[in-house]
Amino acid sequence: MSLKPQALPSLLGYTADDLTKLLKEEHGQPAYRVKQALEWIYTHRADSVDEMLNLPAALRDTLKQNFRMSPLELVRVQGSEDTTRKFLFKLHDGRYVETVLIPASPALYGEKSDRHTACVSSQVGCAYGCKFCASGLDGFTRNLTADEIVGQLMAVEKHAGRKINNIVFMGMGEPLANFKNLNQALDIITGHWGLNIGARHITISTSGLAPMIKKLADRPQQIRLAISLHGATNDTRDKIMPVNSKWKIDELFEALHYYKSKSKKRITFEYILIKGINDDLEQATILAKRAKSLGALVNLIPYNTVEGLEWVRPSEEHCYKFRDIVRNNGVTTTLRIEKGHDIDAACGQLRLKQETADGKITS
Ligand code: SAH
Ligand code: SF4
C-alpha cells in the first residue's frame, strides 16, 4: 500500500476520548460505534475502513474520506526471525524511521526473557547531536506524531506475527524533546482499548532533559526510565554530549531523585564504552557511586561503530574490567557484548543510508 502524498490523518493517533469526541460530537454517532471502531483498529487490526463491516456504510465513507489507517509504509526488513530485525519505514513526507525488534533472549531492562522488545523511534533525526551517534549526524528534521509512533509498533507486530510485550524508546530521536506526541502515544499504547501494554513494560531513554524527566515522573503511570549517561563526570560528558552544557550532572541527578520519589521503578544508566573517551577505570568508580546514590542499574554497551565516525569500542577484556569495578562497588551491572555490529545495529544508521541514497541527506 503506498501512501497518498497529501497525507490524511491516521486513525492510529486517536485515544478513546478523542475518537468519542470525533464520532459522537462531530458525526452524531452513538457511543457503541466508538467501541466498534476501536475494536476494528486495535483488536482486529483492520488494514482499511472497508473491513469495518458493522459500521454503517455512510460512516465508513466519511472515515475513508477523512482518515487513513497506517501512517507509514514498510520498505525494508533486515535480519531474520530469531535474530534482531530492523524495519525501515517511509513516512508520508518521504522521510524514514527505523524500528528494531529484539527477540526473547537475552533479557533486557529487568524483564523476563520471554519478552519481545520493540525499539521505537520518536523523531526523524535528533537535535541533541551526541558526537558518537548516527541519529544526530544530520541534525533534526521533525517530531514523529503519535500515530507514527503507535504505527511502528502495529506494523512490526503485523509483520512479525507476534505480540510485542516490551517497548524501549531507544530508536532515533530524543523522546523527551517530543513530549506532547510521546504522551499521546503512551496513552494509546497503554490504553486497555488500545495496544494494552502495561507501563511497566515501557522504557523511555533520554540523554538527560532534566525538566522533562520531572514531567514524565508526574504522569500517573509509572513508565521506566533509562538515562544515557555515557560519562560519570561533567568533563567526560561534555566531551561527547552537548546536552550536558544545558543540564549538568547535578541538575540531572536532582531530576532523577524527583523521579525516584514518584516511581518505584529502578532507573537504568546506559553507558556506551568508547575507547579512550569514557572508558578509563576512574569513571567506573564514579559511575558506581552515582548509580548507588539512586539505587540504579548499570547497562554497559560496547560502542557500535558508525560509518564516518572514528570512534571504536575498547577490547572485551577492558570492558570486563570496567564492569567488574562497577559491580564490585555493589551495583547491578550488565555488559552486552552484541554481535549486532554488522547489520547497522546502532540506531539511526539504516535511515541515514536510505535518506542519503534518496538525496535527502547530501553531506
Ligand atoms: N535520545 C535518546 C534515545 C535514543 S538513543 C537517548 O539518547 O537516550 C538510544 C541509545 O543508543 C542511547 O543510549 C544512545 O546513547 C545509544 N547509542 C547511540 N549511538 C550508539 C552507538 N553507536 N553504539 C552504541 N549505542 C549507541
Ligand atoms: Fe539524540 Fe540520543 Fe543520539 Fe544523543 S544519543 S544524538 S540524544 S538520539
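**Exercise 1. Which residue in S7 is the bridge partner of Thr-117?**

Solution. The model is predicted.
- Start with the pairing: strand S4 (residues 117-119) runs parallel to S7, and three bridges join them.
- Now read off the partner. Thr-117 bridges to Asn-166 in S7.
- The background is simple: strands of a sheet pair through backbone hydrogen bonds, in a parallel or an antiparallel sense.

**Exercise 2. Follow S7 to its other neighbour, S8, and give the handedness of the unit they make with H5.**

Solution.
- S7 and S8 are joined by three bridges, in the parallel sense.
- One residue to check is Ile-167: its bridge partner in S8 is Ile-202.
- S7, H5 and S8 together make a β-α-β unit, and it is right-handed.

**Exercise 3. Sort the S7 residues Asn-166, Ile-167, Val-168 and Phe-169 by the way they point.**

Solution.
- Recall the rule: in a regular strand, side chains alternate between the two faces of the sheet.
- Asn-166 and Val-168 point one way from S7.
- Ile-167 and Phe-169 point the other way.
- Then check burial. All four are buried.

**Exercise 4. Lay out the sheet, name its edges, and place H5 on it.**

Solution.
- The sheet is open and has ten strands, with mixed pairing.
- Its order is S1-S2-S3-S4-S7-S8-S9-S10-S11-S12.
- Strand S1 (72-78) and strand S12 (333-335) are the edge strands, each pairing on one side only.
- From one strand to the next, the twist averages 20°.
- Helix H5 (residues 179-190) packs on this sheet. H5 touches strand S7 (166-169) and strand S8 (202-206). The direction of H5 makes about 165° with that of S8.

**Exercise 5. In which sense do S1 and S2 run, and which residue in S2 stands opposite Leu-74?**

Solution.
- S1 and strand S2 (residues 85-91) run antiparallel, joined by six bridges.
- Opposite Leu-74 stands Phe-89 in S2.

**Exercise 6. Classify the aromatic pair of Phe-87 and Phe-89, then say whether each residue is buried or exposed.**

Solution.
- Two values describe a pair of aromatic rings: the distance of the centres and the angle of the planes.
- A search of the whole structure finds five aromatic pairs.
- For Phe-87 and Phe-89, the centres are 6.4 Å apart and the planes are at 10°.
- Planes under 30 degrees apart count as stacked, so this pair is stacked.
- Phe-87 has a relative accessible area of 0% and is buried. Phe-89 is buried, with a value of 0%.

**Exercise 7. Over which ring does the charged end of Arg-290 sit?**

Solution.
- The ring is that of Phe-253.
- The charged end of Arg-290 lies 5.3 Å from the ring centre.

Definitions and conventions:
Residues numbered from 1 in each chain as written. Chains lettered and ligands numbered in written order. Predicted model: local features only at pLDDT ≥ 70, side-chain atom pairs only at ≥ 80, totals over all residues. Heavy atoms only, no water. Pairing = 2+ DSSP bridges. Helix = DSSP H or I, 4+ residues; strand = E, 2+ residues; numbered from the N terminus. Axes fitted to C-alpha atoms, helices over the stretch in contact; angles between N-to-C directions. Contact = heavy atoms within 4.5 Å. Phe/Tyr/Trp six-rings, centres within 6.5 Å; stacked < 30°, edge-to-face > 60°. Buried < 20%, exposed > 50% of the residue type's maximum accessible area, 1.4 Å probe, protein only. Lys NZ or Arg CZ within 6 Å of the ring centre and 35° of its normal. Right-handed = clockwise from strand over helix to strand, strands pointing away.
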